[in-house]
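Open the model in your viewer and keep the sequence panel beside it. This tour goes from one selection to the next.

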Amino acid sequence: TLMTLELLGELAPFAAVFLDIRLDDSDGGAGIALCERLHRPVRGGPSTAVVLMSPRLRPADRVRAALARSDAVLAKPLSRGDVARTLESCGVALPADERRH
């Protein structure tokens, strides 16, 4: 998770980051830890919306996500609509989509 955080800090600012609560099968919540770290101010840059995802969204996952200050939490698999609604609710401006007219 530290390497991921370092990479995010080196790249252009992100409007949003989607993280799995479990970043791999062996960890018990590295996505939660990374979410907490992403919400700490980094070089005074703009804030990044952090969305946590889980294949089985249990009540405990929702509580952990809230305590980590996640901007949203979603159950996988995600649909295009889930992603668009979540980004809009987090204040992330989406480009115009001709299919919506």
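Start by selecting threonine 86, in a model that is predicted. Is threonine 86 buried or exposed? Threonine 86 has a relative accessible area of 7%, and the cut-off for buried is under 20%, so threonine 86 counts as buried.

Next, select residues 80-89. This is helix H4, and threonine 86 lies in it. Now show what surrounds the threonine. Which residues touch threonine 86 once its neighbours within four places in sequence are left aside? They are Val51, Ala72 and Leu74. Val51 falls in strand E2, residues 49-54, while Ala72 and Leu74 fall in strand E3, residues 72-75.

**The sheet**

Select strands E1, E2 and E3 together. They form an open sheet, in the order E1-E2-E3, with parallel pairing. Which strands stand at the edges? E1 and E3 do, and each has a single partner strand, so one side of each lacks a neighbour in the sheet. Look along the sheet to see its twist, which averages 25° from one strand to the next.

Then keep only E2 and E3 in view. These two strands run parallel and are joined by four bridges. To find a bridge pair, select leucine 52 and valine 73: the valine, in E3, is the bridge partner of the leucine.

**The core**

Leucine 52 also leads to the next stop, as Leu52 belongs to the largest nonpolar core. How many residues make up this core? There are eleven: Val17, Leu19, Ile21, Ile32, Leu34, Cys35, Leu38, Val50, Leu52, Ala65 and Ala68. Select them and colour them by element. Strand E1 (16-20), helix H2 (30-38) and strand E2 (49-54) each give two or more residues. The largest share, four residues, comes from H2. In soluble globular proteins, nonpolar side chains tend to be buried together.

**The whole chain**

Finally, clear the selection and show the entire protein. It has four helices and three strands, and from the N terminus the elements run α-β-α-β-α-β-α. Of the 101 residues in the protein, 33% are buried. Among contacts with a separation of 6 or more, 50% are between residues 24 or more positions apart. Turn on the surface last: the protein exposes about 6800 Å², and carbon and sulfur atoms supply 56% of that area.

Methods:
Residues are numbered from 1 along each chain as its sequence is written. This is a predicted model: local features need pLDDT of at least 70, side-chain atom pairs count only at pLDDT 80 or more; totals for chains, interfaces and linings use all residues. Side-chain values use heavy atoms; hydrogens and water are left out. A nonpolar core is a set of buried Ala, Val, Leu, Ile, Met, Phe, Trp, Tyr and Cys residues joined through side-chain atoms within 4.5 Å. Buried means under 20% relative accessible area, exposed over 50%, partly exposed in between (1.4 Å probe, protein chains only). Contact means heavy atoms within 4.5 Å. Accessible areas come from the Shrake-Rupley method with a 1.4 Å probe; for residues, only the protein chains shown count as cover. Two strands pair if DSSP finds at least two bridges between them. Axes are lines fitted to C-alpha atoms, for helices over the stretch in contact, and angles run from 0 to 180 degrees between N-to-C directions.
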